[in-house]
Amino acid sequence: MTLYIGREASKLWKRICSETTTEINLLLDNWKYLLAGLVFQYIHGLAARGVHYLHRPGPTLQDLGFFLLPELGQDKGYISETLFSCIFLSFLLWTFHPFIFKSKKIYTALVWCRVLAFLVASQFLRIITFYSTQLPGPNYHCREGSKLARLPKPDSVLEVLLINFPRGVIYGCGDLIFSSHMIFTLVFVLTYQKYGTRRCIKQLAWLVAVIQSLLIVASRKHYTVDVVVAWYTVNLVVFFIDKKLPELPDRTSGNLPMLVQLSTKDKDSKTKEENQKLLNGNSVDPADWRLRIQVNGTVLEDANGIHVDTAMNGA
């Protein structure tokens, strides 16, 4: 038993080391995209903090979701945040599963490049939307009489740039249309829908997304329209951007694709070498693709095709 555990532990360690090497190479090629996506997360938080200064509390708007779903209240508002945290953590762990499990379909760095592209596009549209019209926040801390409903004028630029994290994010007001929680949830679900392998988990993910939507409305973090707009906007954003991005390499074959093996400089040099061969009239592939016919030990061909002599052996 001890020998078996030791052998399996050794295999796991080798798998982790091998995967780490692969992901580091991918990270070196794609770090600019990942960094840009992470920087935009800060910009999105800064924009949400900025609109809080513009927020003016008022009477809660008439809402169908508020009429159908009873308010959870301040003491139960943590339920929706807890579910969202579970969704985020589950997706994060899934993207790193190639480091542990033998069955691999994705590369962690490439998946996060894709996810961040979806998030940035959706959040950009969200910023435009909630700055266009500021609605009175329906949450308890955004209502009239709450000290958090209005932010005093900042004393310095640094106060704005620090965005009072994490309190400023949790108790924000004014960034309503459309729901940021639903942006993350739907991007994660749609990504797993495409690259995940377990059908039951895919079905469960959609069910959890619906439950998350209901809990957001029930906790009065957003109006129903914020959730509804998120559902069709995020789906459309993912649909169109996914068609523009290059498809991820499939790992089910077990072979490492060339785009993972080669660095950017290697790929550029390889392209230049192939172009030079084409200009010289040579084949790009070392094994010539043209058909050859051997007659009396001589290969008969030219650039236009195949020549076969009708007279053979002096006949």
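**A walk through a helical chain**

Helix H1 is the main contributor to a nonpolar patch on the surface, giving six residues, the most of any element. Before looking at that patch, a word on what is shown: this is a predicted model, in which local features need pLDDT of at least 70, side-chain atom pairs count only at pLDDT 80 or more, and totals for chains, interfaces and linings use all residues. Residues are numbered from 1 along each chain as its sequence is written, and side-chain values use heavy atoms, with hydrogens and water left out.

Let us start with the overall plan. The protein chain has eleven helices and two strands; here helices (H or I, at least four residues) and strands (E, at least two) are DSSP runs, numbered from the N terminus. Reading from the N terminus, the order is α-α-α-α-α-α-α-α-α-α-α-β-β. The protein chain has 315 residues, of which 37% count as buried. Buried means under 20% relative accessible area, exposed over 50%, and partly exposed in between (1.4 Å probe, protein chains only).

Now back to the patch. Among its members are Leu 27, Trp 31, Tyr 42 and Leu 161, and the patch has about 930 Å² of accessible area together. H1 and helix H5 (157–161) are the elements that give two or more residues to it. Patches are made of residues with over 30% relative accessible area and no salt bridge (a side-chain nitrogen of Lys or Arg within 4 Å of a carboxyl oxygen of Asp or Glu); like charges are joined within 9 Å, and nonpolar side chains (Val, Leu, Ile, Met, Phe, Trp, Tyr) within 5 Å. Accessible areas come from the Shrake-Rupley method with a 1.4 Å probe, and for residues only the protein chains shown count as cover.

Two residues of H1 make a nice pair to look at. Trp 31 is found in helix H1 and is partly exposed, because its relative accessible area is 44%. Glu 19 is also found in H1, which covers residues 2–54, but Glu 19 counts as buried because its relative accessibility is 1%. Leaving aside neighbours within four places in sequence, Glu 19 is in contact (heavy atoms within 4.5 Å) with Pro 98, Phe 99, Lys 104 and Arg 251.

Finally, an unreviewed UniProt entry lists residues 78–97, 109–131 and 169–192 under "transmembrane region". In the model, residues 78–97 are 90% helix and 0% strand, with end C-alpha atoms 28 Å apart. Residues 109–131 are 100% helix and 0% strand, and their end C-alpha atoms lie 32 Å apart.

Technical notes. UniProt positions renumbered as here; feature names shortened; annotations may be inferred.
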